[in-house]
Amino acid sequence: MHTHRTVRSSLFLLAAALPAQQLVRDIAPPSSQRNSNPTQIVDLGGTAVFVATTAHGSELWRSDGTLAGTYLLKDLSPGSAGSSPQRLTVAGNRVFFAANVPGLGFELWATDGTAQGTQLLRDGIAGASRGSPNELVGF
């Protein structure tokens, strides 16, 4: 069983069999001006899905506990502003979340842990108005 934790704004993997923590990936390397600040870490069938801030802004990331398996899941808001994903909630084999995307506003999204499987579920209020999904509950 793996537990994902944030320490000094980097993603670490803690496992019962390991004698100490191990850095998985430095999302915002030392030359970067940003602090990646991984937050909202949820477990999607053994894969950590979380929010981190990089040159892409605040976006959705994933990690299977390896360097190669830790990467930006999908840049929902291209550029440095970021989509600011919030309220990550696991239900079944997907993570549901709210994100702010230009032209859509703050709307409900879901991911199966792949870029292709990360999709807008519904534009609650057509156009750039905010659907403002709140209080997500997995069942």
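Where is the place of Ser77 in this predicted model? Ser77 lies in the loop between strand 7 and strand 8, and its surroundings are taken up in the legend on that loop below.

**View 1. The whole chain of the predicted model, an all-strand arrangement with 11 strands and 0 helices.** Followed along the sequence, the protein chain reads β-β-β-β-β-β-β-β-β-β-β. Of its 139 residues, 41% count as buried, and the accessible surface comes to about 7600 Å², with 52% of that area belonging to carbon and sulfur atoms. When contacts between residues at least 6 apart in sequence are considered, 38% of them join residues that are at least 24 apart.

**View 2. The open sheet with strand order 4-5-6-7.** This sheet has 4 strands, and their pairing is antiparallel. Strand 4 and strand 7 (71-74) stand at the edges with a single partner strand each, so one side of each has no neighbour in the sheet. From one strand to the next, the twist averages 40°. Within the sheet, strand 4 and strand 5 are joined in the antiparallel sense over 4 bridges, and Leu44 is found opposite Thr47 of strand 5.

**View 3. The open sheet with strand order 8-9-10-11.** Here, too, the pairing is antiparallel, and the sheet is made of 4 strands. Its edge strands are strand 8 and strand 11 (119-122), each of which pairs on one side only. Neighbouring strands are turned by 35° against each other on average, direction ignored. Strand 10 (residues 105-111) is mostly covered, with 6 of its 7 residues buried. Strand 10 pairs with strand 11 in the antiparallel sense over 3 bridges, and the bridge partner of Trp109 in strand 11 is Leu120.

**View 4. Two hairpins that share strand 9.** Strand 8 (residues 86-91) pairs with strand 9 in the antiparallel sense over 4 bridges, and Gln86 stands opposite Ala98 of strand 9. These two strands form a hairpin with 2 residues between them, and Gly92 in the turn has a positive phi of about 65°. Strand 9 also pairs with strand 10, again in the antiparallel sense, over 7 bridges, and Val95 has Thr111 in strand 10 as its bridge partner. The hairpin of strand 9 and strand 10 has 3 residues between its strands, and Gly103 in the turn has a positive phi of about 85°.

**View 5. The largest nonpolar core, which holds 14 residues.** The members that touch the most other members are Val49, Leu60, Leu76, Leu88, Val95, Phe97 and Trp109. Strand 4 (39-44), strand 5 (47-54) and strand 9 (94-101) each supply at least two residues of this core, and strand 9 gives the most, with 4 residues. Apart from this core lies another, of 5 residues, among them Ile27, Phe50, Ala52 and Trp61. Two of the residues named for the largest core return from the sheet of View 3: Val95, the bridge partner of Thr111, and Trp109, the bridge partner of Leu120.

**View 6. Ser77 and Ser84 in the loop between strand 7 and strand 8.** Are these two serines buried or exposed, or partly exposed? Ser77 counts as buried because its relative accessibility is 4%, which falls under the 20% limit for that class. Leaving aside residues up to four places away in sequence, Ser77 touches His56, Glu59, Gly82, Ser83, Asn100 and Pro102. Ser84, by contrast, counts as partly exposed because its relative accessibility is 31%, a value between the 20% and 50% limits.

**View 7. Positive phi values at Ser84 and Arg87.** Most residues other than glycine have a negative phi. Ser84, which is not a glycine, nevertheless has a positive phi, near 50°. Arg87 likewise has a positive phi, of about 60°, although it is not a glycine. The two residues sit in separate elements, with Ser84 in the loop between strand 7 and strand 8 and Arg87 in strand 8 itself. Arg87 has a relative accessible area of 29% and is therefore partly exposed.

Note on methods
Residues are numbered from 1 along each chain as its sequence is written. This is a predicted model: local features need pLDDT of at least 70, side-chain atom pairs count only at pLDDT 80 or more; totals for chains, interfaces and linings use all residues. Side-chain values use heavy atoms; hydrogens and water are left out. A nonpolar core is a set of buried Ala, Val, Leu, Ile, Met, Phe, Trp, Tyr and Cys residues joined through side-chain atoms within 4.5 Å. Buried means under 20% relative accessible area, exposed over 50%, partly exposed in between (1.4 Å probe, protein chains only). Two strands pair if DSSP finds at least two bridges between them. Axes are lines fitted to C-alpha atoms, for helices over the stretch in contact, and angles run from 0 to 180 degrees between N-to-C directions. Contact means heavy atoms within 4.5 Å. Accessible areas come from the Shrake-Rupley method with a 1.4 Å probe; for residues, only the protein chains shown count as cover.
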